[in-house]
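Here are a few friendly notes to read with the structure open beside you. They go from helix packing to single residues and then to the whole chain.

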Amino acid sequence: MTTPEAEPEQGGAPRPEERLEKAVRAAEQALIEYEIALETFRVEVENFSRLHEQRLGPVYARLEELEARILEARAARSGDPEDRRRADEARARLMPIPGVEELLHGWMDGDGLFPEATAMLTDQAVRPPKRVRPSEEARRLYRDLARKAHPDLAQEDGERTRREEFITRVNAAYARGDETELRALAEEWAAGPAPERRPSRAEELYVRLEWLDRRKELLTVLAKELEESAIGAMLRLAPDDPDRLLEEIAEQLAAQVSEREAELAELLG
């Protein structure tokens, strides 16, 4: 969004800032109401999901067990390798994977497999990190910048933060042996921090409106994800009587269990 030029005051007409302030207040109130509605729906989905799992989880588990047993009975009758494969896959889906933590211990962290583990799995040699020997000029530039921009020279917290961020960039450039980047950083430090310009009231209001708009877009995405989730879709079918919806689903599942049990009995008989 771009900030229009301020309009001159004429005949007691409201200033642009006043109209912007009203727009910001209206947007803030609308966003609050939207967040309340979204949080209300999120809690309803979470509660319904918990009830759904508590009441119907065992029935789903029973259906999956019956399905696996039916496939196993068919495979035993036919002797077909394809039937056996399907039966084994169905049974495997019901079995927990043993020792997962032990298998992965020392192989990966939150960012994925360690390079050594990847190399072992792909039969590739582990590549050592690239080592750079900085030139004399790079060393000179680095030492000069480190002396001038060291965070301990700061007199206040804001300046210390600026120096710490700058030194981080200096260290990275030195680690690469990048003389060009170090020279550019030296010029940047010599120029000093850019002077701060205090934004006008109109600019502050436009920034606030833009933030509110981005927040509304984010909440809209979250609302869509909730509505399109399996539990959210079920809850929308009966927003006023979710307990009755659970009863209907339970009745349908019970009928399916009876059908599967009869089918299994016939195969085993």
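1. A definition helps before anything else: each helix axis is a line fitted to C-alpha atoms over the stretch in contact, and the angle between two axes runs from 0 to 180 degrees between N-to-C directions. Please also keep in mind that this is a predicted model.

2. Let's start with helix 1, residues 16-78, and helix 8, residues 201-228. Their axes lie 10 Å apart and meet at an angle of about 20 degrees. Angles under 35 degrees count as roughly parallel, and helix 1 and helix 8 are therefore roughly parallel to each other. Their crossing is left-handed. On the chemistry of this contact, the residues that helix 1 and helix 8 bring to it comprise 19 nonpolar, 10 charged and 1 polar.

3. Glu 28 gives you a residue to click on in helix 1. Is Glu 28 buried or exposed? Neither label fits, because its relative accessible area is 26%, which makes Glu 28 partly exposed. Beyond its neighbours within four places in sequence, Glu 28 is in contact with Arg 208 and Leu 212. Glu 28 and Arg 208 are 180 residues apart along the chain, yet 9.3 Å separates their C-alpha atoms.

4. His 52 is another residue of helix 1 worth a look. With a relative accessible area of 10%, His 52 is buried, since buried means under 20%. Which residues does His 52 touch, not counting those up to four places away in sequence? They are Gly 57, Tyr 60, Ile 231, Met 234 and Leu 246.

5. Next, follow helix 8 to helix 9, residues 230-237. Here the axes are 4 Å apart and the angle is about 75 degrees. Values of 65 to 115 degrees count as roughly perpendicular, so helix 8 and helix 9 are described as roughly perpendicular to each other. Helix 8 contributes Leu 226, Glu 227 and Glu 228 to the contact, while helix 9 contributes Ala 230, Gly 232, Ala 233 and Arg 236. By type, the residues of this contact of helix 8 with helix 9 are 3 nonpolar, 3 charged and 1 polar.

6. Helix 5, residues 136-149, and helix 6, residues 157-176, form another pair to view. They pack with axes 10 Å apart at an angle of about 170 degrees. Helix 5 is therefore roughly antiparallel to helix 6, the cut-off for that word being over 145 degrees. From helix 5 come Ala 138, Arg 139, Tyr 142, Leu 145, Ala 146, Lys 148 and Ala 149, and they meet Arg 163, Phe 166, Ile 167, Val 170, Asn 171 and Tyr 174 of helix 6. In this contact of helix 5 with helix 6, 9 residues are nonpolar, 3 are charged and 1 is polar.

7. Finally, step back to the whole protein. How many helices and strands does the protein have? There are 10 helices and 2 strands, and along the sequence they follow the pattern α-α-α-β-β-α-α-α-α-α-α-α. Of the 269 residues, 23% are buried. The protein exposes about 19600 Å², with carbon and sulfur atoms supplying 52% of that area. Taking the contacts between residues at least 6 apart in sequence, 64% join residues at least 24 apart.

Technical notes: Residues are numbered from 1 along each chain as its sequence is written. This is a predicted model: local features need pLDDT of at least 70, side-chain atom pairs count only at pLDDT 80 or more; totals for chains, interfaces and linings use all residues. Side-chain values use heavy atoms; hydrogens and water are left out. A crossing is left-handed if the near helix is turned anticlockwise from the far one by less than a right angle, and right-handed if clockwise. Ala, Val, Leu, Ile, Met, Phe, Trp, Tyr, Cys and Pro count as nonpolar, Asp, Glu, Lys and Arg as charged, and the others, Gly among them, as polar. Contact means heavy atoms within 4.5 Å. Buried means under 20% relative accessible area, exposed over 50%, partly exposed in between (1.4 Å probe, protein chains only). Accessible areas come from the Shrake-Rupley method with a 1.4 Å probe; for residues, only the protein chains shown count as cover.
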